[in-house]
Amino acid sequence: MYRGSSGQSGRPSDIGYGYSPDQHTKVHYTRNPSFLDRVGSSLCAAVFGFFIVVGAFPLLYWNEGRAVKTAAALDEGLKYVIHINNPRQISRSEDGKLIHVTGVLQTDQVVSDPEYMVAIKAVKLKRQVEMFQWVEHKSERKFQEGGETRVETTYSYRKEWRSGLVNSAQFDKSQHHQNPSSMVITSKHYEVDHVYVGAYELSEGLVNRVNNFKPLRLTEIPATHDKQLRLPQLRDGILYHSRDPMRPEVGDIRVTFSYAGFCGKPGSPHGDPMTVSIVAKQTGHMLGAYETDSGYSLELLYPGKMSAKEIFEAEHASNVAVTWALRGVGWLMFFLGFIMMTSILTTLVSWIPIVRDIIGLGVTLACVAMATSFSLVVIAIGWIRFRPLLGCALLAAAAVPFILSKFKAKSEKKSEKF
């Protein structure tokens with residue numbers, strides 16, 4: 001079966017074969033780029049690579065400043081934090097100060113989903129809605145055939161539960177794989193207005209940190225639901241709008257619930273009320289953000305019983321992890337940028353089998369060295385302002401590859417004279 005018009009090579013530009021209702025393969029041929037085409041692409045890549053390298057500088061510099069300020073703020077917080085033994089009693093002498101308190105979450109409200117009348121005494125309730133839909137999967141294989149590339153693209157279709165709407169109009173073949181154009185009911189998130197630990201009310205920033213969601217298994221079918229949906233059925237605590245949950249059809253809906261920050265009675269089927277440890281600023285009966293001298297806000301909440309020292313150690317560990325992750329991103333940007341900027345070298349010798357491999361290896365090693373050195377230089381500049389000795393040491397480390405290459409060049413010149 002042929003589709004499309006013939007290309008310049010005389011081959012069909014689009015061939016389909018192996019067709020079945022849920023899988024088919026298309027084949028097309030593309031002309032391999034000429035030497036001049038590859039040179040042009042390499043020059044474009046060099047320009048793009050230059051901008052990637054330029055972008056790596058501010059990222060690494062900002063990251064080092066952020067890391068230093070965050071570490072200084074955490075050290076300041078640990079130095080001045082005051083532990084509160086009894087959260088049920090508010091001491092006015094600590095007003096405006098950074099305090100540490102541990103206790104169970106409390107609320108005088110019940111969080112509920114009005115559409116299903118599902119309710120629980122917790123800080124948050126989440127409704128997750130999924131629809132059974134057709135999903136297109138695409139895989140591609142390429143084969144070199146003379147001066148052309150044979151591209152085989154396989155499309156397969158499977159029915160899956162998806163939380164987002166899958167647009168079947170964009171499928172390669174949508175005739176037998178059509179999804180509904182909308183979802184009657186969607187996922188939603190609910191939370192109570194006031195949350196307390198003892199006599200202290202938590203700020204919005206602290207409430208946002210209550211995210212340890214646990215599944216809420218329904219034990220009975222809710223009394224209400226959207227009338228446009230099929231009658232609900234309950235299976236393993238999950239609600240299905242389907243004729244048969246074991247054999248769902250396209251368009252069927254699956255609804256699950258989860259909650260975070262349980263505030264009910266101890267020993268209930270959902271367990272005990274959630275215990276949290278907080279480091280925040282006391283303002284009257286409110287707990288909120290504390291501004292440090294470095295301008296960093298401290299508004300920390302962790303599940304379970306943790307001392308102030310343990311909380312700050314966890315924050316330090318998180319700061320270190322983020323710092324190294326962003327350093328890795330910056331190094332990778334330098335490396336990819338230099339690889340793209342030097343791609344013209346490998347392109348010029350790509351027609352010489354052995355030479356291209358040697359040049360390619362040399363260019364890659366050089367790019368690794370340059371990415372490492374440039375990263376160390378930017379990191380050092382970021383640290384010189386706060387810790388001059390460490391910054392100078394990093395600058396010296398960054399210069400090592402260039403110093404070694406210079407000494408190697410001198411030694412080679414001397415050996416040539418003798």
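**Close-up 1. Surroundings of Leu105 in the predicted model.** Neighbours within four places in sequence are left aside here. Beyond them, Leu105 is in contact with Val123, Val195, Tyr196, Val197, Leu202 and Val210. Leu105 also touches Gly261, Phe262, Cys263, Pro273, Met274 and Val276.

**Close-up 2. The largest nonpolar core, with 41 residues.** Leu105, Leu202, Ile278 and Leu287 touch the most other members. Elements giving two or more residues to this core include the strands β5 (98-106), β7 (118-120), β8 (122-145) and β12 (200-202). Helix α2 (204-207) and strands β16 (253-262) and β17 (275-283) do so too. The largest share, 6 residues, comes from β16. Another core, of 12 residues, lies apart from this one. Among its residues are Val81, Tyr290, Leu298 and Ile311.

**Close-up 3. Asn63 in helix α1 (residues 35-80).** Asn63 counts as buried because its relative accessibility is 0%, and the cut-off for buried is under 20%. A polar atom of the Asn63 side chain lies 3.1 Å from the backbone oxygen of Thr323. Leaving aside neighbours within four places in sequence, Asn63 is in contact with Val322, Thr323, Leu326 and Arg327.

**Close-up 4. Packing of helix α3 (residues 308-341) and helix α5 (residues 353-384).** The axes are 8 Å apart, at an angle of about 135°. The two helices are therefore oblique to each other. Their crossing is right-handed. From α3, the contact is made by Arg327, Trp331, Phe334, Phe335, Phe338 and Ile339. The α5 side includes Thr364, Cys367, Val368, Met370, Phe374, Val378, Ile379 and Trp383.

Conventions. Residues are numbered from 1 along each chain as its sequence is written. This is a predicted model: local features need pLDDT of at least 70, side-chain atom pairs count only at pLDDT 80 or more; totals for chains, interfaces and linings use all residues. Side-chain values use heavy atoms; hydrogens and water are left out. A nonpolar core is a set of buried Ala, Val, Leu, Ile, Met, Phe, Trp, Tyr and Cys residues joined through side-chain atoms within 4.5 Å. Buried means under 20% relative accessible area, exposed over 50%, partly exposed in between (1.4 Å probe, protein chains only). Helices (H or I, at least four residues) and strands (E, at least two) are DSSP runs, numbered from the N terminus. Contact means heavy atoms within 4.5 Å. A polar contact is a pair of N or O atoms within 3.5 Å; within protein, one must be able to donate a hydrogen and the other to accept it, and residues adjacent in sequence count only if both atoms are side-chain atoms. Axes are lines fitted to C-alpha atoms, for helices over the stretch in contact, and angles run from 0 to 180 degrees between N-to-C directions. Angles under 35 degrees count as roughly parallel, over 145 as roughly antiparallel, 65 to 115 as roughly perpendicular and the rest as oblique. A crossing is left-handed if the near helix is turned anticlockwise from the far one by less than a right angle, and right-handed if clockwise.
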